[in-house]
Amino acid sequence: MKIPILALPVVLAITGVAAALGRPEARPADTPSLVVLITIDQFRGEYLTRYGTQLNGGIARLGQGGVRFTNAHHDHAITETAPGHATLLSGRFPRSTGIMMNAIGVADNAAPLVAGGDGPGASPARFRGTTLVDWMRVADKRTRSLSVSMKDRAAILPIGRSKTDVYWYSVDGRFLTSTYYRADLPAWVQTFNDRHLLAQHLGKTWGLLLPDSAYREPDSVAIEGGGYNVAFPHRLSDDMTKAGSEIRLTPFMDDLVLAFALHGVHSRQLGLGPQTDLLAVSLSATDVIGHYYGPDSREIHDQVLRVDRAVGAFLDSLYKLRDSSRITVVLTADHGVGTIPELAPEHVRPRPRRVSVQQVMPLVRAKLREMKIDTGALGLDLNVLVSNRRAFRRPEDHDAAVALFMREARKIPGVARVDRFRQLLADTTGSAIARRWAHQFPAEGNVAAVVTLDSLSTWDGNVASHGSPYDHDSHVPIIFAGFGTAQRVRSDFVRTVDIAPTLARLLRVKPLERLDGAPLPLR
């Protein structure tokens with residue numbers, strides 16, 4: 001069923017341009033004209049079944065008309081936005097891309113935002129290797145690509161190091177890029193920003209899409225959002241500065257991103273051939289809403305319904321501009337999310353907790369001082385102990401300090417296991433957790449030990465979070481639909497690193513390096 005364009009009103013102003021674009025050049029019959037990657041940030045794989053009967057938009061249509069993999073996972077341990085996005089079009093695990101954590105993602109002071117943007121500098125400087133875009137360009141230098149998102153890392157990392165059209169949202173309401181890509185904004189981006197779509201959302205209310213009876217979840221749960229703004233309706237501020245930030249916590253953010261993506265397709269003439277072009281769109285509102293309200297909230301329920309319909313409206317508009325039979329669409333997510341620990345079902349044992357292992361570090365530093373070793377020789381980044389082995393005069397001193405950290409960390413409630421990283425690598429065939437840690441970091445690196453929490457326990461910070469090697473964080477949808485696919489549902493275990501080699505085979509392009517993934521069957 002076609003979703004009315006009215007479901008995404010901001011795209012209406014540009015859908016009438018199709019007639020003026022002219023007829024595309026003839027294309028080979030065995031490749032698509034356009035590949036569209038849609039990534040929904042923090043979209044759990046089980047949302048498709050949990051809300052299935054209420055989904056009738058683009059996500060539902062893609063799943064019903066294409067190849068849907070129901071047992072798809074990010075097969076690495078730190079299931080965060082940056083590592084997840086970096087796997088999608090590279091076909092390689094974080095240990096190979098160099099994007100192993102959000103903390104070592106795209107932040108780059110040497111690449112500030114252009115046009116006076118409000119936000120930190122960003123670039124793919126830490127990304128290693130190539131992506132599908134590079135492979136496509138080697139096969140045909142005319143290939144064009146565009147990547148857009150609310151988040152800088154979500155826009156940058158699917159594309160890798162390619163200097164192409166990459167844009168993300170600034171809280172002043174504009175879509176911008178950094179000096180890594182260009183010195184200023186092109187006219188087509190400025191034209192979109194001049195429409196001031198954020199101003200049209202001032203004072204706008206996010207209410208329920210369906211009648212109240214359609215939602216099983218309670219509307220007011222004190223722990224959600226720290227007890228602030230927990231009940232529908234949710235209203236944006238009338239102040240532009242406040243609304244520019246607040247809109248990220250609403251479905252309206254996805255509408256802005258999709259409108260910009262569609263504007264970019266027209267302006268950059270993606271999909272007109274004779275080459276194959278690529279559009280990557282990452283929708284971030286589900287992640288922000290999920291962190292604030294949790295995956296079992298009424299807000300997430302309504303957001304899933306709304307992003308389904310927004311994707312449907314986007315596809316309807318795209319198909320007015322381009323021949324739908326020549327487009328391949330891939331839908332996935334960068335990670336899942338765990339239930340708010342305090343709201344976990346009573347039967348869950350051990351009981352989920354909020355955990356910090358930083359309390360161990362004073363003991364470790366005291367041990368290093370006793371050894372007359374620089375106290376910065378061992379450092380903790382959330383759940384990863386990194387070491388500067390050169391700072392230790394003797395290997396046994398290093399081993400003793402790491403052993404102290406491990407012994408004390410294991411005493412903390414909520415910690416399931418603490419492993420020396422190099423020893424953990426020997427257990428990858430018997431343990432999914434060990435395998436995912438092995439995929440996270442290179443074997444010969446500075447990681448000394450890693451901490452794995454109990455399932456559904458989380459690091460203190462967001463109300464609900466992700467980042468673990470457990471299935472609730474790793475399970476995501478993978479759907480291929482449109483050109484080159486057939487309708488089927490597959491339950492075999494697949495990984496997000498399989499997406500890029502699958503597209504490479506479909507496009508008849510060759511990866512430029514060895515991949516961790518393998519092509520998936522699309523028919």
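This passage describes how aromatic rings pair with one another, and with lysine side chains, in a predicted model.

The structure contains 15 aromatic pairs. One of them joins F175 and F260, whose rings are stacked, with 4.5 Å from centre to centre and 5° between the planes. This pair brings together distant parts of the chain: F175 belongs to strand β5 (residues 175-176) and F260 to helix α10 (residues 252-267), and 85 residues separate the two. F175 and F260 are both buried.

The pair of W206 and F232 is a good one to look at next. Here the ring centres are 5.1 Å apart and the planes stand at 90°, so the arrangement is edge-to-face. Distant parts of the chain are again linked, since W206 is found in strand β6 (residues 205-206) while F232 is in the loop between β6 and β7 (234-235), 26 residues apart. W206 has a relative accessible area of 0% and is therefore buried. F232 has a relative accessibility of 12%, and because buried means under 20%, F232 counts as buried too.

It also helps to view the rings as a group. Ring pairs connect Y167, Y169, F175, W188, F192 and F260 into a cluster, and the stacked pair of F175 and F260 described above has both of its members in that cluster.

Lysine side chains meet aromatic rings as well. K163 places its charged end over the ring of Y180, at 4.8 Å from the ring centre. K204, in turn, lies over the face of F252, and the distance to the ring centre is 4.4 Å.

Methods
Residues are numbered from 1 along each chain as its sequence is written. This is a predicted model: local features need pLDDT of at least 70, side-chain atom pairs count only at pLDDT 80 or more; totals for chains, interfaces and linings use all residues. Side-chain values use heavy atoms; hydrogens and water are left out. Rings of Phe, Tyr and Trp (its six-membered ring) pair if their centres lie within 6.5 Å; planes under 30 degrees apart count as stacked, over 60 as edge-to-face and the rest as tilted. Helices (H or I, at least four residues) and strands (E, at least two) are DSSP runs, numbered from the N terminus. Buried means under 20% relative accessible area, exposed over 50%, partly exposed in between (1.4 Å probe, protein chains only). A charge sits over a ring if NZ of Lys or CZ of Arg is within 6 Å of the ring centre and within 35 degrees of the ring normal.
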